[in-house]
Amino acid sequence: MSKQAKRDIALVLALLALCAAAYFAVSSSRTEGNICEITVSGEVFGRFPLAREKAVDVNGLCTVVIKDGAVYVASSTCPNKTCVSHRAISRGGEAIICIPNAVVVRVLGGEADFVV
Amino acid sequence: MKKLVSLLLCISFCSLCLCACSGSGEKARYNVVYTDVFDTVTEFTAYCYSEEEFNKAAEAMHAELLRLHKLFDIYNSYDGVKNVRTLCENPGTGLRGVPELCALVELGKEYYSLSGGKLNIALGAVLRIWHEYREKGTGVPSAAELRKASEHTDISKVSASPEGIVAVSDPELKLDLGAVAKGYASGLAAKVIKDMGVTDFALNIGGNVVTSGEKPNGKWVIGVQDPDEGIYAKVRVSGESVVTSGDYQRYYEYEGVRYHHIIDPETLFPADRYRSVTVICGDPAQADALSTALFLMPLEEGKALAKSRGAEALWILPDKSSVRTDGFEKYE
Amino acid sequence: MKRTAKLALCGLFVALAFGLSWVELLIPFDSLGIPGVKLGLANLAVMAALYLMGFLPAAAVSLARILLSWFVFGSFTAFIYSLCGGVLSLAVMCLIKRSGFFGCAGVSVCGAVAHNAGQLAAACALLHGTAVLYYAPVLFAAAVVTGALNGALLGRVLPALQKRFTKTE
């Protein structure tokens, strides 16, 4: 076997090993649905990574808390508090909606366009 | 050789310019959310050539939804609008010139018989009581209170004549179109969007999804919510409607018990056969009516009804296992 | 090689590359659950041009193929992706080949990886996000495999081609 052919094989093996390593690195670091978007009356209020713990005050209407890769509404000024009793969401396409205050918290990314 | 290469490059460049001029461009994804119709969230996503094209379609669709929202409203009156509240407050006289209301009442009556009385659009008097308790968030209505209200839920007192007159002959009877209105409205809204020339879109009115066309990378993907956490299943559709009725959509908890919004007309309490039922059907109004009907019906009867309507369904049972119609899998 | 022979060969390779890109469309990798993966067969023609005639003819073949695909299959986004991939890929292949360090397969693998890198860079720019990078390792692994296969194939064919087309000199 020529020198070049040996190098070719070494190159292929090295690159494949690199890909495998990168794959495991990426898949272990990946959080499902990685960004949460908050909109008020249809206008985007802000986008926040789910990986970072944070409490967001949404124009005094409600407090959105990001914790353990999931997001939930901790408190709200709305009368029925449906949004507060909603469980924490983490998957792409999921959403918490506060109709009275017109606040929508949803997780971007993931494959589904809507979740029903 | 150099000349040859320059020639090729020249030809390429010229044709590039030509194509750039005649090219129609690519569609981009646009999205808008409304929270002012049907007491739920409405999300419209479409692939359009320009933002202007999308906004026009979205505005026309939103205007249609607002019109239908007022028409089907049971609690409020609007200036110059004859709606369901007008109808219930003026028993005997009947309403004329409300074709959508007439069609919806007919659909409701059809599904009353198809579901063996389980889906009843005349159940408003009972649902109103649950609605009040849900808004308060505490307490549970007494059986006596519910029984009394249920005396005024006879659907034969509601009529829709072929001439387009809708009438209610029991003054205490309250229509509640909640089980069918959103699906029916989503169908009309989809028609408006198509009339505006937009062909690739998905519209979600509080769990009633209607789709048309496809995304550039394939069909629309609709997740079926796991009643407790995350996504239970995913379906891929293009043109079909997907509707879920679930015990997690509207509810309140009192003394550790969850009371949701889908009431069984026999027990007058929330139905507990399933956690949720998801229906895939070509017709959005049928999909909505079916999802509520199937949520209230025994499994085998429900399967037969879905089959007779050409619809596919997924039932999630209380133990989180699931039952599918034979054809449901081909969407997964 | 005579100029006319080169010209004819260029045309032949463009046709070959274009035909091979069409063949690729017939293989449904998307439905096999690995979307975005392609065999990269068209690169065979580009590489053959590179080995037989050098950088400029190879560039001409590559560009002509990308433009043709755009005209015929008609997606501007796909065109931008191919262009970014094609330019980077050819540049890398030319440099590696000139270094003489790797054989046909090595050059092909580097070209395929560079092609993917170019496309991913374009995707990041067009989609304004890096979410697409999560999928990159899978794409690169596929590129290494298909690149190696293509390169090995060309390595077998190349001596015959060289004999046939350069002897007329």
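In this predicted model, 15 residues of chain C are in contact with 15 residues of chain A. On the chain C side of that interface, two elements give two or more residues each, namely helix H5 (104-127) and helix H6 (136-166) of chain C, and the largest share, six residues, comes from H6(C). Sorted by class, the side of chain C that touches chain A holds 13 nonpolar and two polar residues, with no charged residues.

Chain A also meets chain B, where 16 residues of chain A are in contact with 27 residues of chain B. The chain A residues on this side divide into eight nonpolar, four polar and four charged. Part of the link between these two chains is made by strands, since strand E8 (residues 114-115) of chain A runs parallel to strand E7 (residues 220-225) of chain B and is joined to that strand by two bridges. Within this arrangement, A:Val115 stands opposite B:Gly223 in E7(B).

Turning to chain B itself, its secondary structure comes to nine helices and 14 strands. Of the 332 residues in chain B, 43% are buried. When contacts in chain B between residues at least 6 apart in sequence are considered, 60% of them join residues at least 24 apart.

Eight of the strands of chain B form an open sheet with antiparallel pairing, in the order E1-E2-E5-E6-E9-E12-E13-E14. Strand E1 (28-37) and strand E14 (322-324) of chain B stand at the edges and have a single partner strand each, so that one side of each is left without a neighbour in the sheet. On average, neighbouring strands of this sheet are turned by 10° against each other, with direction ignored. Inside the sheet, E5(B) and E6(B) pair in the antiparallel sense over five bridges, and B:Leu203 has B:Val210 in E6(B) as its bridge partner.

Helix H7(B) packs on this sheet, touching E5, E6 and E9 of chain B, and its direction makes about 25° with that of E6(B). The length of helix H7 (residues 181-195) of chain B can be checked against expectation: at 1.5 Å a residue its 15 residues should span 21 Å, and because its end C-alpha atoms are 21 Å apart, the two values agree. Which residues of H7(B) are buried? They are B:Ala181, B:Lys182, B:Gly183, B:Tyr184, B:Ala185, B:Ser186, B:Ala189, B:Ala190 and B:Ile193. The buried residues of H7(B) pack against strand E5 (201-205), strand E6 (208-212) and strand E9 (241-246), and also against helix H2 (51-72), helix H4 (99-114) and helix H8 (284-296), all of chain B. Just after H7(B), B:Gly197 takes a positive phi of about 90°.

The nonpolar interior gives another view of the model. The largest nonpolar core has 97 residues, and those with the most contacts inside it are B:Val180, B:Ile222, B:Val279 and B:Leu294. Taking one of these, and leaving aside residues up to four places away in sequence, B:Val279 touches B:Val243, B:Ala287, B:Leu290, B:Ser291, B:Leu294, B:Ala311 and B:Ala313. A second, separate core of 53 residues includes C:Met53, C:Leu90, C:Val109 and C:Phe140.

Conventions: Residues numbered from 1 in each chain as written. Chains lettered and ligands numbered in written order. Predicted model: local features only at pLDDT ≥ 70, side-chain atom pairs only at ≥ 80, totals over all residues. Contact = placed C-beta atoms within 7 Å. Nonpolar A, V, L, I, M, F, W, Y, C, P; charged D, E, K, R; others polar. Pairing = 2+ DSSP bridges. Helix = DSSP H or I, 4+ residues; strand = E, 2+ residues; numbered from the N terminus. Core = buried A, V, L, I, M, F, W, Y, C linked by C-beta atoms within 7 Å. Buried ≥ 20, exposed ≤ 12 C-beta atoms within 10 Å, placed from the backbone. Expected span 1.5 Å × (residues − 1). Axes fitted to C-alpha atoms, helices over the stretch in contact; angles between N-to-C directions.
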